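Please open the structure in your viewer and keep the sequence panel beside it, since each stop on this tour begins with a selection. The stops move from aromatic side chains to a helix and then to a sheet.

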Amino acid sequence: MAARTIVDAIKANPEFVLGVATGSTPIKVYAEIAKLVKAENVDVSKVKAFALDEYVGISKDHPESYYQVIKVNVTDQIGLRPENVNTPSPDIKTVATAGADYEAKIKAAGGVDLQILGIGRDGHVGFNEPGSSLASSTRIKTLTQETLEDNARFFDSIDDVPKHCITQGIGTILRAKHLLLLAFGESKAEAIAGALEGAVTSSLPGSAVQLHPHVTAIVDPAAGSKLKNLEYYKWVYENKPSWDAI
Ligand code: F6R
């Protein structure tokens, strides 16, 4: 569903600006987009992409830098032009200005048309950890112990996970025209229920999606298992009006 939505949007607007997330959640979506793009011969030469975040102080060549993760899963796989794909700079020397530079690049591209979001167990979106300002822009953040533990699986040991990152702010994310929140698995159930049905609070940054006028959440049964209004959402989905009418 996610890939179909995105590919159709690219067909309608060849200069589409796609906001991409890393982590394991969207990996299959990127593979499916790549398949559809090839099968349907979709022109992606003018599509731009902006990643949500990057570790600070990691080399761009490190296989777990988000630059590389996006290069392998998005740029190369889907066939985007490398010059059209952006990740925040991990360079420690430019850390003070990297946030503002990234915001300026997004603005110059006309803003993000659709932002793919995963969510952390602690409710983070991008790397906006609990306590992040709901109006924040791209800046440096310090990762929580929980996030370091979750991301240790990508590194040799937890000590190798960078403790700092540069991430689009919640304010930045909310400026995207459409948010597509994805979550799979039982470990995300609490965060999804809080984000979609709980109070809007910086203690659960994902809850900021409730402030956005156009959000789609795609969750599997396990990640949706703690939603209070699940039956209603199913009913809404089954009785949805034709998409053309929206
Ligand atoms: C990654 C990102 C994070 C992840 C989140 C979930 O760019 O912004 O917010 O989306 O940590 O990670 P996974 O998908 O690995 O469970």
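Select Y66 to begin: does Y66 count as buried or exposed? With a relative accessibility of 6%, Y66 counts as buried. Please keep in mind throughout that what you have on screen is a predicted model.

**Aromatic rings**

Now show the aromatic side chains, among which the count comes to six aromatic pairs. Take Y55 and F155 as a starting point: their ring centres are 5.6 Å apart and their planes meet at 80°, so this pair is edge-to-face, the term used for planes over 60 degrees apart. Because Y55 belongs to strand 3 (residues 53-55) while F155 sits in the loop between helix 5 (145-151) and strand 7 (164-167), the pair ties together parts that are 100 residues apart in sequence. Y55 and F155 are both buried.

Go back to Y66 and add F127 to the selection, and you will find an aromatic pair that is stacked, with 5.9 Å from centre to centre and 25° between the planes. This pair, too, links distant parts of the chain, since Y66 is in helix 3 (residues 66-79) and F127 is in the loop between strand 5 (114-117) and strand 6 (139-142), 61 residues apart. F127, at 4% relative accessibility, counts as buried. If you now display Y55, Y66, F127 and F155 together, you are looking at one aromatic cluster.

For another kind of ring contact, select Y237 and K240: the charged end of K240 sits over the ring of Y237, at 4.3 Å from the ring's centre.

**Helix 2**

Next, select residues 27-39, which make up helix 2; this helix has 13 residues and reaches 19 Å from its first C-alpha to its last, close to the 18 Å expected at 1.5 Å a residue. Colour V29, Y30, I33, A34, L36 and V37, which are the buried residues of helix 2. These residues cover an arc of only 170° around the axis, which puts them on the same side of helix 2. As background, an α-helix has 3.6 residues a turn, so residues three or four places apart point the same way. Turn the view to the other side of helix 2, where K28, K35, K38 and A39 are exposed.

To see what covers the buried residues of helix 2, bring in its surroundings, which include helix 1 (2-12), strand 1 (17-20), helix 3, strand 5 and strand 8 (178-183). Before leaving, step to N41, which follows helix 2 and has a positive phi, near 50°.

**The sheet**

Switch to a cartoon view and look for the open sheet of six strands, whose order is 4-2-1-5-8-9, with parallel pairing. Strand 4 (85-86) and strand 9 (215-219) stand at the edges, and each has a single partner strand, so one side of each is left without a neighbour in the sheet.

Within this sheet, focus on strand 5 and strand 8, which run parallel and are joined by four bridges. Select Q115, and then L179, its bridge partner in strand 8. L179 counts as buried, with a relative accessibility of 0%. Leaving aside residues up to four places away in sequence, L179 touches Q115, L117, I173, L174, V209, H212, H214, V215 and T216. As a last step, draw a distance from L179 to F154: these two residues are 25 residues apart in sequence and 26 Å apart in space, C-alpha to C-alpha.

How values were computed
Residues numbered from 1 in each chain as written. Predicted model: local features only at pLDDT ≥ 70, side-chain atom pairs only at ≥ 80, totals over all residues. Heavy atoms only, no water. Phe/Tyr/Trp six-rings, centres within 6.5 Å; stacked < 30°, edge-to-face > 60°. Helix = DSSP H or I, 4+ residues; strand = E, 2+ residues; numbered from the N terminus. Buried < 20%, exposed > 50% of the residue type's maximum accessible area, 1.4 Å probe, protein only. Lys NZ or Arg CZ within 6 Å of the ring centre and 35° of its normal. Expected span 1.5 Å × (residues − 1). Arc of directions from axis to C-beta. Contact = heavy atoms within 4.5 Å. Pairing = 2+ DSSP bridges.
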